Amino acid sequence: MPSRGMLRFMDASAAFEDSRFVIFGVPFDRTTTFRSGTRFAPTTVREASWNFEPMMFEHGVDIQDIPLHDAGDLIEEGAVDTMVEEVEEEARRIVSAGKFPICIGGEHSITPPIVKAFGEISAITIDAHLDYKDTYQGLKNSHGCAHKRIEDAVGKGNVFSFGVRSMAEEEVGAGALYADAFRVHQEGCQKVFREMLQKLKRRPIYLSLDIDGIDPAYAPGTGTPEPFGLTPFDVRLIINEIGDRLVGFDVVEVCPPYDNGNTSVLAARMIKEVVAVKWKALQKG
Ligand code: MN
Ligand code: MN
């Protein structure tokens, strides 16, 4: 019989039971407002991941030595509220087994249900947008409400957004914690990030990367591109700053129909960075 298999993230060949990291995709983009297509990203990001050498010399880590499981995609044809419930269920399955969830979106509305699967944590989003609307187009679970819904889950003061350069009038001065991209550029990423980190309680951290937080020059394939963004080096620095405290990660809003291929490659590379950095921290104990 010919062998069959699904497309996995690079070297994610461990069984669920034996794994330390579990990747899953949520190909969902129904609340997307401008350009849709993020539903294709779990596939393109997995494809792009095979571009890389498993060896990461700069960390002294070989991805092939890390127990990584790919659980495939959640298939949800229904409304956003159903999707959110199913994502929370999947995240609970992973977190309650003591594993590190890595989700490939989909749009940003997939993040709050993952955050809910944890106990007391803090959360950080990297995002061009503040995502602090209470409802958007009648939806509580719109991707434009992601920061607000995360705040509902972890409590005020336990989440901030980094690299923000777009917000609606109702979001200005509404009380969200954030660092804007202009300040990051002016004062330096490490300085501003460390200041922001001081504001959070000393808890484990969930990191959500909305790919539009990175400048469209590096990440053109996204639904709502916004100039004056972070660089890939900034995001890499952030991952390395908090690696030992990380408990989960997602990358969202990659939109392959508008990509030249590089955005999916960048998303895959950031997953690889998180896995390597966290693995290194675990080895140190
Ligand atoms: Mn967002
Ligand atoms: Mn965004």
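Here is a short chat about the metal site, one acidic residue and an aromatic pair in this predicted model.

Colleague: Which residue bridges the manganese ion (ligand 2) and the manganese ion (ligand 1)?
Modeller: Ligands are numbered from 1 in the order in which they are written, and residues from 1 along each chain. The protein donors of ligand 2 (N, O and S atoms within 2.8 Å of the metal, or 3.2 Å for Na, K and Ca; water is not among the atoms) lie 2.1 to 2.4 Å from the ion, and include His-129 (ND1) and Asp-210 (OD). The two manganese ions lie 3.3 Å apart, and the residue bridging them is Asp-127.

Colleague: What is the nearest side chain of opposite charge to Asp-259?
Modeller: Asp-259 is buried (under 20% relative accessible area, 1.4 Å probe, protein chains only) yet has no salt bridge. That bridge would take a side-chain nitrogen of Lys or Arg within 4 Å of a carboxyl oxygen of Asp or Glu. With Lys and Arg counted as positive, Asp and Glu as negative, and His and chain ends not counted, the nearest one, 9.0 Å away, is Arg-35.

Colleague: Are the rings of Phe-118 and Tyr-206 stacked, edge-to-face or tilted?
Modeller: Side-chain values use heavy atoms, and side-chain atom pairs count only at pLDDT 80 or more. Rings of Phe, Tyr and Trp (its six-membered ring) pair if their centres lie within 6.5 Å; planes under 30 degrees apart are stacked, over 60 edge-to-face, the rest tilted. Here the centres are 5.9 Å apart and the planes at 55°, so the pair is tilted.

Terms used:
Predicted model: local features only at pLDDT ≥ 70, side-chain atom pairs only at ≥ 80, totals over all residues. Buried < 20%, exposed > 50% of the residue type's maximum accessible area, 1.4 Å probe, protein only.
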